[in-house]
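Got the structure open in your viewer? Let's walk through it together, one selection at a time.

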Amino acid sequence: SNFLSRRIVTFCAESSHTSARKLQIPQRQIITTSRNFSSQNTTKTPVESINDFRAREEAREAQFEDDHRAEEKATTAEPVDEEQEKVSRVQEDILRAALQFAPSIGWTREAITKGAESIGYPGVVHGMFPDGGVELIQYFYTDCNAQLVQWLKKETDGVEKVPNPTKFICRAIETRLRMLQPYLSTWPQAIGILSLPQNAPKALTNLLTLADDICYYSGDRAVNITWYTRRVGVAGIIKITELYMLQDKSVDHQDTWKFLERRMDDAVFLHSFFTQSDEAKNHMQKAITSAFETGKNILGLNYRR
């Protein structure tokens, strides 16, 4: 019986070992097959270069900035006041209509009343213009400046460089002063109104803007002292020629245009003298810069083209 028991135990142990080895073979085969299948069907992911990564991130950042600016602009934009726009259009129409009465009535509230009535508005709408005649003068001056800018753009369209800046400036000033011809009989009144202390800043602003536009389109892109000297010089020539024009009785104001040419020649000579003399140049630079900066600060013209 003992022998039989040992035989049974030995048989069972061998059977268990054999079964275990048989079970391990399929497991290894399955693992190997799985690994082989994985290696045969998996594609290799391309490696992104640092330049591609940087370009992608910069593009993403730029898009984010654009979206942020668009969103900020949409949230901060002031709502359009349609009522105010309508009022501004009515005021402009009335002032434009009032200009026809300025040569006979003058730059007064009465001219504005006549202008309003001529286009179908009651005369009491002159209350829309609390400053009276000065608003009519301001409208005329800025409108003439805008017309001159259109002329300057047309004259320089497609021109890389103005061939003769001095002659171009003369033509520009003449074109601008010719706009005064229909109103010369009452223009001294306008000059007197603009010279009042409360109106002087507006008058100087209009004059300096006019001089800046003429210099800019004549090709002046200077960033040194000549930026100041030319604009101050042109502004002075405009005003002195305007005053000469008021007493000129020649045909088509030919004497005025000759006077303008002489003043431009004088300005060119003086500019040449000051720029060639170092001592004179230094004194001029200090004086002009100080005066011009003071004027700009007083008028609120803290800008440069």
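Start by selecting His253: with a relative accessibility of 12%, His253 counts as buried, since the cut-off for that word is under 20%. You'll find His253 in the loop between α10 and α11. Keep in mind that this is a predicted model. Look at the backbone of His253 too, as its phi is near 55°, a positive value in a residue other than glycine.

Now add Asp252 to the selection. Asp252 also lies in the loop between α10 and α11, and its phi is near 55°, again positive in a residue other than glycine. Is Asp252 buried or exposed? Neither, quite: at 37% relative accessibility, Asp252 counts as partly exposed.

**Across the loop: a ring pair**

Next, select Tyr244 and Phe259. Tyr244 belongs to helix α10 (residues 226–246) and Phe259 to helix α11 (residues 254–276), so you're looking at a pair that links distant parts of the chain, 15 residues apart. How do their two rings sit together? The ring centres are 4.3 Å apart and the planes are at 5°, so the pair is stacked; planes under 30 degrees apart earn that label. Tyr244 is partly exposed, with a relative accessible area of 26%, whereas Phe259 is buried, at 9%.

**Along α10 to α9**

Stay with α10 and bring in helix α9 (residues 200–217). These two helices pack at an angle of about 115°, with their axes 9 Å apart, and their crossing is right-handed. To light up the contact, pick Leu207, Leu208, Leu210, Ala211, Asp212, Ile214, Cys215 and Tyr216 in α9, then Trp227, Arg230, Arg231, Val234, Ala235, Ile238 and Lys239 in α10. Colour that contact by class and you get 11 nonpolar, no polar and four charged residues.

While Tyr216 is lit up, add Arg221: Arg221 lies over the face of Tyr216, at 4.0 Å from the ring centre.

Then hop to Pro188, which lies in helix α8 (residues 187–194). Pro188 counts as partly exposed, at 43% relative accessibility. Draw a distance from the C-alpha atom of Pro188 to that of Leu243: the two are separated by 8.9 Å, though they are 55 residues apart along the chain.

**A cluster of rings**

Select Trp107, Phe140, Tyr183 and Trp187, which form one aromatic cluster. For the whole model, the count comes to nine aromatic pairs. Take Trp107 and Phe140 as your next stop: their ring centres are 5.4 Å apart and their planes are at 45°, so this pair is tilted. Where in the chain do the two residues come from? Trp107 is in the loop between α4 (102–105) and α5 (109–118), Phe140 is in helix α6 (residues 133–156), and they are 33 residues apart. Trp107 is buried, with a relative accessible area of 1%, and Phe140 is buried too, with 3%.

**Following α6 to α7**

From Phe140, widen the selection to α6 and add helix α7 (residues 165–178). The pair packs at an angle of about 145°, with axes 10 Å apart, and α6 passes α7 in a right-handed crossing. On the α6 side, the contact is made by Tyr141, Cys144, Asn145, Leu148, Trp151, Leu152, Glu155 and Thr156; on the α7 side, by Phe168, Arg171, Ala172, Thr175 and Arg176. By class, these residues divide into seven nonpolar, three polar and three charged.

Zoom in on Tyr141 and Arg176. The charged end of Arg176 sits over the ring of Tyr141, 4.7 Å from its centre.

**A stop at α5**

Now select α5 and pick out its buried residues: Ala111, Ile112, Thr113, Gly115 and Ala116. Show their surroundings as well; what covers these residues includes α3 (82–98), α4 and α6. Just after α5, click on Gly120, which takes a positive phi of about 95°.

**Zoom out**

Finally, clear the selection and view the whole protein as a cartoon. What is it built from? There are 12 helices and zero strands. Of its 305 residues, 30% count as buried. If your viewer can draw a contact map, here is what to look for: among contacts between residues at least 6 apart in sequence, 69% join residues at least 24 apart.

Terms used:
Residues are numbered from 1 along each chain as its sequence is written. This is a predicted model: local features need pLDDT of at least 70, side-chain atom pairs count only at pLDDT 80 or more; totals for chains, interfaces and linings use all residues. Side-chain values use heavy atoms; hydrogens and water are left out. Rings of Phe, Tyr and Trp (its six-membered ring) pair if their centres lie within 6.5 Å; planes under 30 degrees apart count as stacked, over 60 as edge-to-face and the rest as tilted. Helices (H or I, at least four residues) and strands (E, at least two) are DSSP runs, numbered from the N terminus. Buried means under 20% relative accessible area, exposed over 50%, partly exposed in between (1.4 Å probe, protein chains only). A charge sits over a ring if NZ of Lys or CZ of Arg is within 6 Å of the ring centre and within 35 degrees of the ring normal. Axes are lines fitted to C-alpha atoms, for helices over the stretch in contact, and angles run from 0 to 180 degrees between N-to-C directions. A crossing is left-handed if the near helix is turned anticlockwise from the far one by less than a right angle, and right-handed if clockwise. Contact means heavy atoms within 4.5 Å. Ala, Val, Leu, Ile, Met, Phe, Trp, Tyr, Cys and Pro count as nonpolar, Asp, Glu, Lys and Arg as charged, and the others, Gly among them, as polar.
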